[in-house]
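Work through the following exercises with the sequence and the coordinates open side by side. Each task is followed by a solution that proceeds step by step.

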Amino acid sequence: MPKNSAEVIVIGGGVMGTSTAYHLAKLGCRDVILLEKDQLASGSTGLSVGGIRQQFSSKANIRICQESVKVFERFEEEFETEIDFRQHGYLFLSTEPQDWADFQDDVALQKSLGVPVQLLSPEEIAEIAPYLYLEDVIGGTFGPADGYADPHSVDMGFAKMARRLGVEIYEGTEVTGIQVEGGRVRGVTITQDQVSAPVVVNTAGPWAAQVGRMAGVELPVQPYRRQVLVTEPFEPIPDPVPLVLDFAPSFYFRREGAGILMGMTDKDEPPSFNTNVDWDFLDQIVDKAVYRAPVLERAGLMRSWGGLYSITPDDNPVIGGHIGGVEGFYCAVGFSGHGFQQSPAVGRILAELITSGQTSFDIRPFRLERFEEGEVVGEKRVV
Ligand SMILES: Cc1cc2nc3c(=O)[nH]c(=O)nc-3n(C[C@H](O)[C@H](O)[C@H](O)COP(=O)(O)OP(=O)(O)OC[C@H]3O[C@@H](n4cnc5c(N)ncnc54)[C@H](O)[C@@H]3O)c2cc1C
């Protein structure tokens, strides 16, 4: 059982929660409790495909990912945990004139911020990935430092170091209420007990809106299923394979061990907590795979799963403190499919806000009020 008071309570043991808890402890705030209703990494984190890129359309997302990549590069040493970080590159393909125009703007912005990235003609794409069908491709962008890592291991690495610095982590412990009095957070309820704290952090992933409501705050975050499949060992596509992303249909694939992992967005799917595999939709993913990389016709399916994205109306997260006017209530939610890769920097940002009231990052684009104020920029490079 958790003790009955703490300086900070973090709700949720995915990468956002464990990163925040770790960074709080690193900044000297050691009286931290993390409460996880299931197991660490049992939410979106453990079902993520672990992509890490710096190719975004907005400055704020690019900067957060640049900072996060630096952490992934030194993660194994700093967190004493292997995370299988591979920088085999991200290759975006454009088949639509508007997307191609946006890609050119994005690359100019990314380069101005120091991101290693280049625009490619179809001929140059064929040199990197000769197995692709490119007749309908206008061009692409390639970020050689992009790649992927194992999200479960990253979560465990943050948790290991957080514990070492004194953070108490409780699994199988669901928060069922948040006490707010006089506009201030006072603590949380877990089954029959209460734990008091002046600061409560919502890192509840797809359940973020439910946790927000416990504090009386409406968060525009909804869960959407995303489905993934992995083939049996498949050699005809030679290593290294970049993560290939066919942007218009939101179809992607990369190597996973000896097989190929692939996924696609069902743009007609309504929000829900459904994570079952829909075999009709898997057929659509396979059709798209065989169209884009015809050699994949020979690959056999090995396994598949569904997980949840947490999506906001502008595909950007809500990050900040005193959310909804509630003193002491902090959030890092609604990452719309790019939360794993942003967790190292976002955990630091939240910890800085909690301990000093300020952060070196510009998180104005991520404030909750943007939706009411109509000052929404949004992220275009979403999958
Ligand atoms: C198929 C798929 C592919 C993805 N691919 C990528 C990718 O390539 N790159 C990328 O960056 N991101 C990707 N994502 C998104 C990424 O997984 C998420 O953005 C990230 O894991 C969010 O982490 P989190 O800690 O916010 O949420 P979660 O990992 O969902 O953690 C939230 C935790 O809160 C707990 N919780 C909820 N309510 C309560 C409560 N009341 N009390 C206690 N605990 C509670 C849950 O049990 C859960 O463990 C993908 C997601 C999916 C599903």
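**Exercise 1: Domains and their contact**

The protein chain of this predicted model is divided into domain 1 (8–48 + 152–221 + 314–373) and domain 2 (86–146 + 223–311). Determine how many residues each domain gives to the contact, and how the residues on the domain 1 side divide by class.

*Solution.* Begin with the centres of domain 1 and domain 2, which, taken over C-alpha atoms, are separated by 30 Å. Next, count the residues in the contact, where domain 1 contributes 13 residues and domain 2 contributes eight residues. Finally, sort the side of domain 1 that touches domain 2, which gives six nonpolar residues, six polar residues and one charged residue.

**Exercise 2: The ligand shell**

Establish which residues come nearest to the ligand, and explain why the ligand lies between domain 1 and domain 2.

*Solution.* The first step is to list the residues around the ligand, of which there are 39, with Gly14, Gly43, Gly205, Gly307 and Gly339 coming nearest. The second step assigns shell residues to secondary structure: α1 (15–26), α2 (44–47), β13 (222–231), β17 (301–311) and α9 (339–356) each provide at least two of them. Sorted by class, the shell consists of 16 nonpolar, 18 polar and five charged residues. The last step turns to the domains: because domain 1 and domain 2 both give residues to this shell, the ligand lies between them.

**Exercise 3: The sheet of eight strands**

Give the strand order of the open sheet of eight strands, and work out which helices pack on it.

*Solution.* Reading across the sheet, the order is β5-β6-β4-β14-β15-β16-β13-β17, and the pairing is mixed. β5 (118–120) and β17 are at the edges with a single partner strand each, so one side of each has no neighbour in the sheet. From one strand to the next, the twist averages 20°. At the β5 edge, strand β6 (residues 139–143) runs antiparallel to β5 and is joined to it by three bridges, with Leu119 having Thr141 as its bridge partner in β6. Helix α4 (residues 97–112) lies across β4 (90–94), β5 and β6, and runs at about 140° to β4. Helix α8 (residues 279–292) also packs on the sheet, where it touches β13, β14 (243–246), β15 (251–256), β16 (259–264) and β17, and its direction makes about 115° with that of β16.

Key
Residues numbered from 1 in each chain as written. Predicted model: local features only at pLDDT ≥ 70, side-chain atom pairs only at ≥ 80, totals over all residues. Near = placed C-beta within 6 Å. Helix = DSSP H or I, 4+ residues; strand = E, 2+ residues; numbered from the N terminus. Nonpolar A, V, L, I, M, F, W, Y, C, P; charged D, E, K, R; others polar. Domains from an automatic or database assignment. Pairing = 2+ DSSP bridges. Axes fitted to C-alpha atoms, helices over the stretch in contact; angles between N-to-C directions. Contact = placed C-beta atoms within 7 Å.
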